[in-house]
Amino acid sequence: MTQIIDRASWPRRVLFDFFSPMSQPFFSVTFRQDVTRLYAFAKENRLSFYYALVYLCTQALNQVEAFRYALRGEDLVLFDRRIPSFTDLKPGTETFHIVTLPMEEDLRSFCAAAKAKSAAQTTFLDQEDSLDLIYYTCLPWVELTALTNERDFDPDDAVPRIAWGKYAQEGDRKALHISLELNHRFVDGLHVGRFHEALTVLIEAL
């Protein structure tokens, strides 16, 4: 479901108008995330740590309304949810493809569906770009501290980009850094903080 929002009464209108004339309205931010409980849960249940984190990040992001706004032509719209679209390395190769699928009801179901979809996919990309996606990528070979993404420059681009690297062992804890690239016309640092809080709650509730 997608709502069309009255831009004139939108509480963010002043900030949107402030950032709109800028030639580069995007910003990046990276934060540390404790994933100890997620790692243990994935291992106990024989789940992909990567797919599980994609699921939880999508859940957390969708809890923060600001991430679900976009422009569709001249209309300001609010999605009821965003859909994950993530890179996945083909086993035994040095190439990847991009897998896109709706959220399942629970984490285990999503991990199973993501594994099946990725294994069956024979094309690099199996759907057209959509405004309601979240783009994910992972660099599991390095401890990521920051990342930027390639893009066709479009100041209306409101698709969040989320990335992380390999986790590091810190005593008895495991942590990694999550990097986000966002459009300041729609999202502020406050909303990144709320995303981080929501993600932490979801992980610790496993």
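How many residues does helix α4 have, and how far does α4 reach from its first C-alpha to its last? In this predicted model, α4 runs over residues 107-120, which gives it 14 residues, and it reaches 20 Å from end to end, close to the 20 Å expected at 1.5 Å a residue. Right at the start of the helix, aspartate 106 puts a side-chain oxygen within 3.2 Å of the backbone nitrogen of arginine 108.

Next comes the question of which parts of α4 are hidden. Leu107, Phe110, Cys111, Ala114 and Ser118 are the buried residues here. Looking down the axis of α4, these buried residues fall within an arc of 100 degrees, so they line one face of the helix. A general rule helps in picturing this: an α-helix has 3.6 residues a turn, so residues three or four places apart point the same way. On the face of α4 turned away from the buried side sit Ala119 and Ala120, which are exposed. As for what the buried residues of α4 pack against, the partners are two helices, α2 (36-44) and α3 (49-62), along with two strands, β5 (83-89) and β6 (96-100).

Helix α5 can be read in the same way. It covers residues 189-204, and its 16 residues should span 22 Å at 1.5 Å a residue; the end C-alpha atoms turn out to be 23 Å apart, which agrees. The list of buried residues in α5 is made up of His191, Val192, Phe195, Ala198, Leu199, Leu202 and Ile203. Viewed down the axis of α5, they fall within an arc of 135 degrees, so here too the buried residues line one face of the helix. Leu190, Glu197 and Val201 are exposed, and they are carried by the face of α5 turned away from its buried side. The cover over the buried residues of α5 includes β2 (26-34), α2, α3, β8 and β10.

Strand β6, one of the packing partners of α4, is also where threonine 100 is found. Is threonine 100 buried or exposed? With 5% relative accessibility, threonine 100 counts as buried, since the cut-off for that label is under 20%. Leaving aside residues up to four places away in sequence, threonine 100 touches Ile83, Pro84, Ser85, Lys117, Asp126, Gln127 and Leu133. With one of these, serine 85, there is a polar contact of 2.6 Å between the two side chains. Lysine 166, on the other hand, lies 66 residues along the chain from threonine 100, and the C-alpha atoms of the two are separated by 22 Å.

Now for the empty spaces. The largest pocket holds about 970 Å³ of space. Its lining is made of 38 residues, and those closest to the pocket centre are Thr87, Ile98, Tyr135, Tyr136 and Glu150. Four strands, β5, β6, β7 (133-139) and β8 (161-165), each supply at least two residues of this lining. Of the elements involved, β7 gives the most, with six residues.

The structure also holds one cavity of 30 Å³ or more. The volume of the largest cavity is about 50 Å³. Its lining is formed by Ala66, Phe67, Tyr69, Arg82, Ala158, Val159, Pro160, Glu181, Leu182, Asn183, Phe186 and Val187. Strand β10 (residues 173-183) provides the largest share of that lining, three residues.

Two of the cavity-lining residues, Val159 and Asn183, turn up again around aspartate 157. This aspartate is found in the loop between β7 and β8, and at a relative accessible area of 14% it is buried. The side chain of aspartate 157 reaches the backbone nitrogen of valine 159 at 3.0 Å. Its contacts, not counting residues up to four places away in sequence, are Phe26, Arg151 and Asn183.

Two other loop residues give a contrasting picture. Arginine 46 has its place in the loop between α2 and α3, and its relative accessibility of 80% makes it exposed. The phi angle of arginine 46 is near 55 degrees, which is a positive value in a residue other than glycine. Proline 11 is found in the loop between β1 (2-5) and α1 (13-19), and with a relative accessible area of 82% it is exposed. The C-alpha atoms of proline 11 and tyrosine 136 are separated by 29 Å, with the two residues 125 apart along the chain.

Terms used:
Residues numbered from 1 in each chain as written. Predicted model: local features only at pLDDT ≥ 70, side-chain atom pairs only at ≥ 80, totals over all residues. Heavy atoms only, no water. Expected span 1.5 Å × (residues − 1). Buried < 20%, exposed > 50% of the residue type's maximum accessible area, 1.4 Å probe, protein only. Arc of directions from axis to C-beta. Contact = heavy atoms within 4.5 Å. Polar contact = N/O pair within 3.5 Å; in protein donor to acceptor, adjacent residues only side chain to side chain. 1 Å grid on protein atoms, 1.4 Å probe; cavity = no way out; pocket = protein on both sides within 12 Å on 5 of 7 lines; lining within 4 Å. Points joined across faces, edges and corners; volume = space filled by probe spheres on them.
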